[in-house]
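Trainee: Could you take me through one part of this model up close? I'd like to see how a pair of neighbouring helices is described.

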Amino acid sequence: MADQRFDGIKIRNLYKIFGPNGAAHVEAVRNGLSKTELNEKFGLVLGLKDINIEMPAGCIQVIMGLSGSGKSTLIRHINRLIDPTSGEVLVNGVDVVRMNESELRDFRRHQTAMVFQKFALLPHRNVLENTVYGLDVQKISRAKSTEIAMQWLERVGLKGFEKKYPNQLSGGMQQRVGLARALSNDAPVLLMDEAYSALDPLIRMDMQSVLLGLQKEIKKTIVFITHDLDEALRLGDQIAILRDGEVIQQGTSQDIVLRPADDYIANFVKEVNRGRVIHVDAVMSPVAAGHAVNGATVMSGSSIDDAMKLLAHGSATDVTITDPAGKPLGTVDLKCLAAAVVSSH
Amino acid sequence: MDWFFNFPHMDDDALRNLKKFIDESFRAFTRAYGDAIEGFFSPLQTFLIYSERFMTKTPWPIITLIILAIAWAGSRNLKIVAGCLFSLLAIGYFDMWDDTMRTISMIFVCTILSIAIGIPIGIMMSRSDRLQRIVNPVLDVMQTMPSFVYLIPVVMLLGIGKVPGLIAVVIYAIPPMIRLTNLGIRLVDKDVLEAADAFGSSSWQKLVWVQLPLALPTIMAGINQCIMMALAMVVIASMIGVQGLGQPVLKAIANQYFTLGIFNGLAIVGIAIIFDRVSQSYGQRLQKHREIIHG
């Protein structure tokens, strides 16, 4: 669905300083003026500092950070709901920062769609009318937009609720409407600003599965903001961790959990269910040449939990990890799995 | 020490000359442009006459049915419709039907005019802080200036009759319309506006699909206030020749006819309550989908 040639999103040297005449201070910040100093001396707030992220097309890029880390500011730069102080935001090779008003409007209509933390549905429109909002804006006829919207409403599990109003739905269902509204736009970029943070944990898990299931098919470039590391690790093909407006680590879930860049991240990672996140590939020991595959096997990329389940419930003492073709890559036993699950910190 | 006990004021002659100068300039202005201004307002005159003729010439049962139908469409509440019917029958029985119809016609035209002028001004005000800073004090003056005072220039310009009365009523009744439109639009949820922006809405799409619908309950409160204030003005407007329930009240004041005054006064109260209940319950029905239903 997304354009095959879509080039992803590249953010380069992005700075945002809130307050009057922030541009004058970018150079000073670049040369080491800290956030606190900037605020004390000039009364300006450093929102983002030297952000460089490459988000490849068709992947879920998670941006994780606590409140005040600048993550919501960052996502709003991608569709320029916030203007940067300096830097580039290339979406499919075009710099969003340089667009004029009508180019920007066109870009927002066709290249991006957004899902919001507080749903931001129109209370006077019913579910169907909310879902077609983006298509209304594009001036697509109601007959056609209704058809598209109905299809997405069915996909997110809201068939039969078209005539309900947002205040008649639970939070989880309202966010499904938000998701259907964004997907109806069929834009290559899907921006999700803490989309699931307002939902309770079970509904959140459920919505994560909905998103992962859909993504297998739609292959959009998704930027997902969250403050929840478990959510980040579950969804993210790539994760960037933000603190005080700076990216402090970027990488896959494996990188973050196994090689936290500093104590701040290590502290987060401590609370994570490692068994579910770490892949067996990271802890396996290489097999001797000609090792015969006998008993339990798991595919490369499986979690430690999967391997442990086999060992716990079966009679085997070790598990062989194979590539998709069935060729053995390595083995793990219970001891090495247990060692990996127990945090080294 | 004279200056201490008596406020040192402008020289008597100078003051007299100043007043005379302003009066004469305005009079000259009236003489020069009075006709043009009257011509400008003549469509309003036609509208007023047409509306009044419709209200007074249509047989009373039909008018009653129309009003009851509007009340039902607005409120969907049988109690309010029954209240309307009772008030209208009482007004007719006490022989105040024609005057009431003239007043309703006047209020109707005044409300239409206030909406047509007030909502666009309110919208513009909501978009510009500078305009808001300019318009707000003007609205303050319009609301606090004793209404007799601005009757003077209106009468000088347009003479006595329906149109000057209408203008006086609109000046008095339009401020809440403008203020509440402005307020309603400014209070629209920022998250929803951001969503509208994120989907690439043009500012017209945003206004029509997001801001106005979400501001509508507040705007309805503005219309309600506007009607109430217009009704409060009918007696004063009757001093410059506006026909309707105000004139018998004026006559009653001049001649100390207690009963005449109270009957017509109650008729004004009656139609005020009808307008108020119908427009308020319509406003509440608009809010139906806005409240959070718990559970």
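Mentor: Let's start with contacts in chain B: among those with a separation of 6 or more, 77% join residues 24 or more positions apart. Keep in mind that this is a predicted model. Chain B has 12 helices and 0 strands, so to speak a plain run of α after α from the N terminus on. Its C-alpha atoms fill a box of roughly 75 × 55 × 45 Å along the principal axes, and 35% of the 295 residues of chain B count as buried.

Now for the close look. Two packed helices are described by the angle between their axes and the distance between the axes. Take α10 of chain B, residues 203–238, and α11 of chain B, residues 246–255. Their axes come within 8 Å and cross at roughly 60°. An angle of that kind is neither under 35 degrees nor over 145, and it falls outside the range of 65 to 115, so α10(B) and α11(B) are oblique to each other. As for handedness, the crossing of α10(B) and α11(B) is right-handed.

Which residues make the contact? On the α10(B) side, look for B:Val234, B:Val235, B:Ala237 and B:Ser238. Facing them from α11(B) are B:Gly246, B:Gln247, B:Val249 and B:Leu250. Sort the contact of α10(B) with α11(B) by class and you get 5 nonpolar residues, 3 polar ones and no charged ones. If you're wondering about glycine, B:Gly246 goes with the polar group here.

Notes. Residues numbered from 1 in each chain as written. Chains lettered and ligands numbered in written order. Predicted model: local features only at pLDDT ≥ 70, side-chain atom pairs only at ≥ 80, totals over all residues. Axes fitted to C-alpha atoms, helices over the stretch in contact; angles between N-to-C directions. Helix = DSSP H or I, 4+ residues; strand = E, 2+ residues; numbered from the N terminus. Left-handed = near helix turned anticlockwise from the far one by under 90°. Contact = placed C-beta atoms within 7 Å. Buried ≥ 20, exposed ≤ 12 C-beta atoms within 10 Å, placed from the backbone.
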